[in-house]
Amino acid sequence: MMKISKIEYYLPQQVLTNEDLEKQFPEWSSERIQEKVGISQRHISSDSETVLDMAVQSSEKIFENYDRNKVDFILFCTQSPEYFLPTTACILQDRLGLRKNIGAIDFNLGCSGFVYGLAFAKGLIAGGIAKSILLVTSETYTKHIHPDDKGNRSIFGDASASAIIEKAEGNDYQFCLGTDGSGAENLIVKKGAFKKDFELNPEHEFSPENIYMNGPEIFNFTIENIPGLVKETLEVNGLIMDDIDHFVFHQANSFMLNYLRKKTKIPAEKFYIDMEKTGNTVSATIPIALKNMMDKGMLKEGDKVLMAGFGVGYSWGATIMEI
């Protein structure tokens, strides 16, 4: 079994409130945005601030109370890397002053990224490759969003979360992972890599450099797949709903989460929603939620937490961890 020993996160200083959006889009009210997506503000990275800068900030918080020399692997999840090459995780090793005889790798995943990172960490620990893993999820999706895209601007915020994953005694919980690349076009930035022959839908897309999200299709994908994911995760671990103390899903938006909770028949008191002050921070939402729960005293030793991430790709994953 493994455990999450430490979690810290960093939020950029610049804040975009619903009132700010209302000034630019007077046809929207701040109350309507709050009611629709459950978000009142989101943090926005500055023009010069990158996922690496934010990763340094969240990781240095970890090392205030953890020996950085114990880290022997970096897993860095981002879809807005510092460069195409070199690997951002390698630069992070240097920026943090970590040992040179460690592994470091980037992986490109969105909202399922934290769960996938835990799965990778489990493999590294089980294979005897690493004992202390720094798992970083850092994202600046707002840099992909067109200034006139009020829908995505109301949802996404930037953040970085860092966690220490270590071996622990106890139950060895299994992962359930899924992929459906047929949905790739429904959440995509078409230009920026090496594909040149793409088409835009003029009714929905601003520019090939900007993020495009087909909200209804993303919602449908989530509703069709995530209730089954929860059921499968419980089954492969030999558990039932009553055995789980907390359910922490990717914090997409409150409407989707409440719909999922009801469809999955999860008791409201076990289902954590916390995105009002941060928005959808992509791969960082689950660790941010876990850290906030810890700080509020909501998690106690022995609690079982079912985590589920889902989104761009399409990609999804879930597992259970004991506190």
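**Exercise 1. The hidden hole**

Task: How many cavities of 30 Å³ or more does a search of the whole structure find, and what lines the largest cavity?

Solution. Start with the count: searching the whole structure turns up one cavity of 30 Å³ or more. Keep in mind that you're looking at a predicted model. Why use a probe for this job? Rolling a probe the size of a water molecule over the atoms shows where empty space is left.

Next comes the volume, which is about 70 Å³ for the largest cavity. Now find the walls. The lining includes Met1, Met2 and Lys122, then Asn171, Asp172, Tyr173 and Phe175, and also Thr319, Ile320 and Met321. Finally, ask who supplies the largest share of that lining: it's strand β13 (residues 315–322), with three residues.

**Exercise 2. A five-stranded sheet**

Task: In what order do the five strands of the open sheet with β1 and β5 lie, and which strands are at the edges?

Solution. Step one, read across the sheet: the order is β1-β7-β6-β4-β5, with mixed pairing. Step two, look at the ends. β1 (2–10) and β5 each pair on one side only, so to speak as edge strands. Step three, check the turn between neighbours, which averages 15° when direction is ignored.

Step four, see what "mixed" looks like. β1 and strand β7 (residues 159–167) pair in the antiparallel sense over eight bridges, and you can spot Ile4 opposite Ile165 in β7. β4, on the other hand, pairs in the parallel sense with strand β6 (residues 132–139) over five bridges. There, Phe76 has Val136 as its bridge partner in β6.

**Exercise 3. Strand β4, inside out**

Task: Is strand β4 (residues 73–77) largely enclosed or open, and which way do its residues point?

Solution. First, the burial check. A residue counts as buried at under 20% relative accessible area. Five of the five residues of β4 pass that test, so the strand is largely enclosed by the rest of the structure.

Second, the directions. In a regular strand the side chains alternate between the two faces of the sheet. Here, Phe73, Leu75 and Cys77 point one way, while Ile74 and Phe76 point the other way.

Third, follow β4 to its partner strand β5 (residues 103–107): the two run parallel and are joined by five bridges. Leu75 has Ile105 as its bridge partner in β5. To get from β4 to β5, the chain passes through helix α4 (residues 88–96), and this β-α-β crossover is right-handed. Helix α4 lies across β4, β5 and β6, at about 125° to β4.

**Exercise 4. The four-stranded sheet and helix α9**

Task: What is the strand order in the open sheet of four strands, and which of its strands does helix α9 (residues 285–295) touch?

Solution. Begin with the order, β8-β13-β12-β11, again with mixed pairing. The edges are β8 (176–179) and β11 (246–249), each pairing on one side only. From one strand to the next, the twist averages 15°.

Now zoom in on β11: four bridges join it to strand β12 (residues 304–311), and the two run parallel. His246 has Val305 as its bridge partner in β12. Helix α9 packs on this sheet, touching β11 and β12, and its direction makes about 145° with that of β11. Helix α9 also lies across β1, β6 and β7, running at about 95° to β1.

**Exercise 5. Spot the unusual backbone**

Task: Which residues are joined by cis peptide bonds, and where are Lys265 and Val282?

Solution. Start from the usual case: most residues other than glycine have a negative phi, and most peptide bonds are trans.

One cis bond joins Leu85 and Pro86, with omega about 10°; Pro86 is in the loop between β4 and α4. Another joins Gly313 and Tyr314, with omega about -15°, and Tyr314 lies in the loop between β12 and β13.

Now phi. Lys265 has a positive value near 65°, and Val282 has a positive value near 60°. Lys265 lies in the loop between α8 (254–264) and α9, and Val282 is found in the loop between α8 and α9. Last step, accessibility: Lys265 is exposed at 68%, whereas Val282 is buried at 0%.

Notes:
Residues numbered from 1 in each chain as written. Predicted model: local features only at pLDDT ≥ 70, side-chain atom pairs only at ≥ 80, totals over all residues. Heavy atoms only, no water. Axes fitted to C-alpha atoms, helices over the stretch in contact; angles between N-to-C directions. Contact = heavy atoms within 4.5 Å. Buried < 20%, exposed > 50% of the residue type's maximum accessible area, 1.4 Å probe, protein only. Right-handed = clockwise from strand over helix to strand, strands pointing away. 1 Å grid on protein atoms, 1.4 Å probe; cavity = no way out; pocket = protein on both sides within 12 Å on 5 of 7 lines; lining within 4 Å. Points joined across faces, edges and corners; volume = space filled by probe spheres on them.
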